[in-house]
Amino acid sequence: MARFRYSMQSILNIKMKLETQAKQEFSAAKAALDEEEERLRGLFARKDGYEQEAESLLSGRLNLREIEENKAAIRCMEDYIERQKRNVDKAERKLEEARLRLTEVRMERKTHETLKEKAFEAFLMEEKRQESKEIDQLTSYTYGQRRSAEYAEA
């Protein structure tokens, strides 16, 4: 039996490597998004801390300088939060791009794997056809030899 050799195996190998790269890019984008979201949560926590501090500053003995510094810190945190929200949005867009790329590369690889399977099926059909042809030839030869032997005896 002959060996099956897929003529576009090198292309399939490249598609598999591209899929692996796309998976790594997706994973990196997801990690970056998680990191940006964690920073945003940290900023919200700091802002909450400043707001709680503001309440305590207003409830006790009033110190105008500390109250103003606290208000400035809250405004600063709000600015940081807005910037961080933009960073999170950017990371989400990159994640979506990586997901789309991964989906596209995965479809291409699956297409090539389907082509390989069809080529293998065609190869098996051809092998069966050749085997059947050889069996028919062998049977005809054997039958012919018997007939020759019968005529020779007669």
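Does Phe123 count as buried or exposed, or what else does its relative accessibility make of Phe123? In this predicted model, Phe123 has a relative accessibility of 16% and therefore counts as buried, since the cut-off for that class is under 20%.

Phe123 belongs to a group of rings. Together with Phe4 and Phe120, Phe123 forms one aromatic cluster. The count of aromatic pairs comes to 3. In one of them, Phe4 and Phe120 meet edge-to-face, with 5.0 Å from centre to centre and 80° between the planes. This pair bridges distant parts of the chain: Phe4 lies in the segment before helix 1 (9-59), Phe120 lies in helix 2 (residues 64-153), and 116 residues separate them. A second pair is made by Phe4 and Phe123, whose ring centres are 5.4 Å apart; their planes stand at 55°, so this pair is tilted. Here too the link is between distant parts of the chain, from Phe4 in the segment before helix 1 to Phe123 in helix 2, 119 residues apart.

The other two members of the cluster fall into another accessibility class. Phe4 counts as partly exposed because its relative accessibility is 24%. Phe120 has a relative accessibility of 36% and so is also partly exposed. Both values lie between the limits of under 20% for buried and over 50% for exposed.

Helix 2 also contains Arg109. With a relative accessibility of 13%, Arg109 counts as buried. The side chain of Arg109 is joined to that of Glu113 by a polar contact of 2.8 Å. When neighbours within four places in sequence are left aside, Arg109 is in contact with Leu12, Lys15, Met16 and Glu19.

The discussion now turns to the nonpolar residues. In soluble globular proteins, nonpolar side chains tend to be buried together. The largest nonpolar core of this model has 10 residues, namely Ala29, Leu33, Leu40, Leu43, Met77, Ile81, Val88, Ala91, Leu95 and Ala98. Helix 1 and helix 2 each contribute at least two residues to this core. Helix 2 provides the largest share, with 6 residues. One of the core members, Ala91, touches Leu33 and Glu36 when residues up to four places away in sequence are not counted. Of these two partners, Leu33 is itself listed in the core.

How values were computed. Residues are numbered from 1 along each chain as its sequence is written. This is a predicted model: local features need pLDDT of at least 70, side-chain atom pairs count only at pLDDT 80 or more; totals for chains, interfaces and linings use all residues. Side-chain values use heavy atoms; hydrogens and water are left out. Rings of Phe, Tyr and Trp (its six-membered ring) pair if their centres lie within 6.5 Å; planes under 30 degrees apart count as stacked, over 60 as edge-to-face and the rest as tilted. Helices (H or I, at least four residues) and strands (E, at least two) are DSSP runs, numbered from the N terminus. Buried means under 20% relative accessible area, exposed over 50%, partly exposed in between (1.4 Å probe, protein chains only). A polar contact is a pair of N or O atoms within 3.5 Å; within protein, one must be able to donate a hydrogen and the other to accept it, and residues adjacent in sequence count only if both atoms are side-chain atoms. Contact means heavy atoms within 4.5 Å. A nonpolar core is a set of buried Ala, Val, Leu, Ile, Met, Phe, Trp, Tyr and Cys residues joined through side-chain atoms within 4.5 Å.
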